[in-house]
Amino acid sequence: MICLAGAVVAGLTACDPVDGLNSASIAVTTDRTATRALEHEGVNVQWLSCTARTAGGGASAASRTGPSTAVSRVADVECNGRTKDGEDISLAGKVDREVKGQCVSGDMTAKAGGKTVFRATMLGNCDATPSPSEPPRAPAGGSGGGARPTATVTVTVTAYPQGK
C-alpha cells in the first residue's frame, strides 16, 4: 500500500509544471509543518490529510537563493484531520511559496475543535538546509524551447505523526 501511494505521488509530481509550485510537494510539506505547528500549540494530532491544488496556467516567478530554488505561484491548500480527543482539525488557505520540503508560505488558518488555533504566513523553516535524501529536480527548459502545456493536479497526502 505504501509503495502504491509513493508511486501515485511520484506519477502526479511528474505532471506538475517545472516553473510553478508542485502540488505534491506542497501537500506533503504543509502536512508536515502544520502537524508540527498544531502540536506546538498544544493540539494532539491523531491524523492530518492535506490537499494542494495548483492551476496549470498563470504567471509564475522564481526566487533563487544560493543552491536552493524556491518557485512561486498560488496554490489552494486544504487539510482535514482529527485530534486524539476526536475533535475535527482543519487548515485552509493559499500557499505562494514552497522551499525544498522545509517550509510553505502564504496565508493559512488552522482550527481545532471549531476554534482558531493559528493564522500563519509561514509554516516551517525557510532558511533550513534541505534534506540530503531529497530527489533532484529536473532542470528547467529542455528541447522545444517554447512554453509547455501544464496540468491542474490535486494531490491528497495523509500522514500520521511519528511515534504517536
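Which residues have the most contacts inside the largest nonpolar core? In this predicted model, they are Leu38, Leu48, Leu91, Phe118 and Leu123, within a core of 24 residues. Two or more residues each are contributed by helix H2 (23-40) and by strands E1 (45-54), E3 (68-83), E4 (88-99), E5 (103-112) and E6 (115-124). Helix H2 supplies the largest share of the core, five residues.

The surroundings of Phe118 were examined further. Apart from neighbours within four places in sequence, Phe118 is in contact with Ala37, Leu38, Glu41, Leu91, Met108, Thr109, Ala110 and Leu123. Among these partners, Leu38, Leu91 and Leu123 are also listed with Phe118 as having the most contacts inside the core. Ala110, another contact of Phe118, is the bridge partner of Leu91 in E5.

Strand E5 pairs with E4 and with E6. With E4, the pairing is antiparallel and runs over 10 bridges. The hairpin of E4 and E5 has three residues between the strands, and Lys100 there takes a positive phi near 45°. With E6, E5 again pairs in the antiparallel sense, over eight bridges. In this pairing, Lys111 stands opposite Thr116 in E6. The hairpin of E5 and E6 has two residues between the strands, with Gly113 at a positive phi near 60°. Strand E5 is mostly covered, seven of its 10 residues being buried.

Charged side chains form three salt bridges. In one of them, the side chains of Asp76 and Lys94 meet with an N to O distance of 2.4 Å. This pair links distant parts of the chain, with Asp76 in strand E3 and Lys94 in strand E4, 18 residues apart. Asp76 is partly exposed at a relative accessible area of 38%, and Lys94 is likewise partly exposed, at 44%.

Another salt bridge is formed by Asp88 and Arg82, whose closest N and O atoms are 2.6 Å apart. Asp88 has a relative accessible area of 48% and is partly exposed; Arg82, at 30%, also counts as partly exposed. Arg82 has a further neighbour in space: the C-alpha atoms of Gln46 and Arg82 are separated by 5.7 Å, although the two residues are 36 residues apart along the chain. Gln46 is found in strand E1 and is partly exposed, with a relative accessibility of 39%.

The remaining salt bridge joins Arg119 and Asp107, with the closest N and O atoms 2.7 Å apart. Because Arg119 lies in strand E6 and Asp107 in strand E5, the pair ties together parts that are 12 residues apart in sequence. Arg119 counts as exposed, at 60% relative accessibility, whereas Asp107 counts as partly exposed, at 34%.

The structure also holds two disulfides. One joins Cys50 to Cys79, with an S to S distance of 2.1 Å. The link of Cys50 and Cys79 is right-handed, with 105° about the S-S bond. Cys50 lies in strand E1 and Cys79 in strand E3, so this disulfide ties together parts that are 29 residues apart in sequence. Cys50 is buried, with a relative accessible area of 0%, and the value for Cys79, also buried, is 0%.

The other disulfide joins Cys103 to Cys126, with an S to S distance of 1.7 Å. The link of Cys103 and Cys126 is right-handed too, with 95° about the S-S bond. Distant parts of the chain are linked by this pair: Cys103 is in strand E5, and Cys126 is in the loop between E6 and strand E7 (153-159), 23 residues apart. Cys103 is buried, with a relative accessible area of 0%. Cys126 has a relative accessible area of 14% and is also buried, because residues under 20% are classed in this way. With the bonded cysteines numbered in sequence order, the pairing is 1-2, 3-4.

Strand E5 thus recurs in several of these features. Strand E5 gives residues to the largest nonpolar core, pairs with E4 and with E6, holds Asp107 of a salt bridge to E6, and carries Cys103 of a disulfide.

How values were computed: Residues are numbered from 1 along each chain as its sequence is written. This is a predicted model: local features need pLDDT of at least 70, side-chain atom pairs count only at pLDDT 80 or more; totals for chains, interfaces and linings use all residues. Side-chain values use heavy atoms; hydrogens and water are left out. A nonpolar core is a set of buried Ala, Val, Leu, Ile, Met, Phe, Trp, Tyr and Cys residues joined through side-chain atoms within 4.5 Å. Buried means under 20% relative accessible area, exposed over 50%, partly exposed in between (1.4 Å probe, protein chains only). Helices (H or I, at least four residues) and strands (E, at least two) are DSSP runs, numbered from the N terminus. Contact means heavy atoms within 4.5 Å. Two strands pair if DSSP finds at least two bridges between them. A salt bridge is a side-chain nitrogen of Lys or Arg within 4 Å of a carboxyl oxygen of Asp or Glu. A disulfide is a pair of cysteine sulfur atoms within 2.5 Å.
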